[in-house]
Amino acid sequence: MTPLAPGSTIGILGGGQLGRMLAMAAARLGFDCHIYTPEADSCAARVSARQTVAAFEDERALAAFAKSVHAITYEFENVPAATAAVLEASGAPVSPGAKSLAVAQDRVVEKAFFASIGVATAPFARVDSRGDLDDALKRIGAPSILKTRRLGYDGKGQARIASAGDADNAYAAIAAAPAILEGMVKFEREISVIAARGQDRAFAAFDVCENEHNGGILSLTRAPARVNAPVTESAVAATRTLMDALDHVGVLAVEFFLLPDGALLANEFAPRVHNSGHWTEDACLTSQFEQHIRAIAGWPLGPTTRFADAEMHNLIGDDVGLWAHYASDPKAHLHLYGKGEARAGRKMGHVTRLTPRN
Ligand code: AMP
């Protein structure tokens, strides 16, 4: 594909903060964005040239949307497969492609895919019934963690199992949905790799970062991660293998558990920009958002050079009430998503603090 010219319109499925930051990065490169979201007054639409508010199943609205844009991408991975198929059939290039979406949407398929490309994960078993859970517990043991195969995020749709006696409660907690049982990993830290792959198959990773979660929600990202060079190299190599195997175009994030012996287990990947990559906007020559727009527009990838150490804190729920405090802190780069109601657990903004590198 010839590179998309400035002045073209990029369609983004989803109206959340990732769509908002993608749209702002796209605007800086001279593109207009058209947001497609079921949500009225989305925070992405408020910074974009156009919006369509319609259900993902609305084929007429999807067709009209596809006609109005020159390239299509998405800001979340749970776009229904049928929606992606309608858009692909419309002729507008959709990236990342259907394979990245399909693998990321189902935790069993995702773990099996990691295994098929030689990337280690926690032991896992598919759970389609209460009986399967007993069998899986016999094989994997406890402690373990039961997760719905689809639509889980920020620790939702998960139940921990300390011993086999917890099985009934855990199965009820995930509402008997199709699930995966994973062995509980005693990790030393969680790290992630944010990388991009271009239409020309070029690959560029940002420096590996480390993450702390609170109640299943990302709380803090530190870049660079405090890990040695072999760990960095194997995390980046696994990410590259994954992106090549998916023939992925765009940004993708892989979360890993680092074990005390230095081994890495892949936990999951997101076929999109990721919360643990927000620091790149303040600390790197190219942000993850610009990088994604460059990749899907067929532009060359930008340099991922990091010029400062960074710490990114999420502002979740009421945390956003401290905006005036952060605004008066000369070291804090404040990002607010323009969301109305600060519900518990809702990501409202983030703050990045930089320590320049010598
Ligand atoms: P996930 O939705 O899979 O990213 O899980 C959310 C968080 O739960 C992870 O970032 C970990 O902190 C924790 N977690 C998930 N799976 C496991 C596991 N197999 N072993 C230990 N901790 C886990």
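User: What makes the approach of Glu 182 to the ligand a polar contact?

Analyst: In this predicted model, a polar side-chain atom of Glu 182 lies 3.0 Å from a nitrogen atom of the ligand. A polar contact is a pair of N or O atoms within 3.5 Å. The value of 3.0 Å is within that cut-off, so the pair counts as a polar contact.

User: Which part of Val 185 lies 2.8 Å from a nitrogen atom of the ligand?

Analyst: It is a backbone N or O atom of Val 185. For Arg 107, an N or O atom in the side chain is 3.1 Å from an oxygen atom of the ligand. Both pairs are within 3.5 Å, so they count as polar contacts too. The protein covers 94% of the 470 Å² of accessible area that the ligand has on its own.

User: How many residues surround the ligand, and which are the closest?

Analyst: The ligand is surrounded by 15 residues, and the closest are Lys 147, Gln 158, Val 185, Glu 190 and Glu 268. By type, the shell holds five nonpolar, four polar and six charged residues. At least two residues of the shell come from each of β6 (144-148), β7 (158-161), β8 (179-183) and β14.

User: Why is strand β14 called mostly covered?

Analyst: Six of the seven residues in β14 (residues 264-270) are buried. Buried means under 20% relative accessible area, so six residues of β14 fall below that cut-off.

User: How do you know that β13 and β14 pair?

Analyst: Two strands pair if there are at least two bridges between them. Strand β13 (residues 250-258) is joined to β14 by six bridges, so the condition is met. The two strands run antiparallel. Ala 253 has Ala 270 in β14 as its bridge partner. Five residues stand between the strands of this hairpin, where Gly 262 takes a positive phi near 95°.

User: Why is Ser 287 called buried?

Analyst: Its relative accessibility is 8%. The limit for buried is under 20%, so Ser 287 counts as buried. Ser 287 is found in the loop between α9 (280-283) and α10. A polar atom of the Ser 287 side chain lies 3.0 Å from the backbone nitrogen of Glu 290.

User: Which residues touch the most other members of the largest nonpolar core?

Analyst: They are Ile 10, Ile 12, Phe 31, Trp 279, Phe 289 and Ile 293, in a core of 41 residues. Among the elements that give two or more residues to this core are β1 (9-13), β13 and α10 (288-296). Helix α1 gives the most, with six residues.

Note on methods:
Residues numbered from 1 in each chain as written. Predicted model: local features only at pLDDT ≥ 70, side-chain atom pairs only at ≥ 80, totals over all residues. Heavy atoms only, no water. Buried < 20%, exposed > 50% of the residue type's maximum accessible area, 1.4 Å probe, protein only. Helix = DSSP H or I, 4+ residues; strand = E, 2+ residues; numbered from the N terminus. Near = heavy atom within 4 Å. Polar contact = N/O pair within 3.5 Å; in protein donor to acceptor, adjacent residues only side chain to side chain. Areas by Shrake-Rupley, 256 points an atom, 1.4 Å probe, with all protein chains shown as cover. Nonpolar A, V, L, I, M, F, W, Y, C, P; charged D, E, K, R; others polar. Core = buried A, V, L, I, M, F, W, Y, C linked by side-chain atoms within 4.5 Å.
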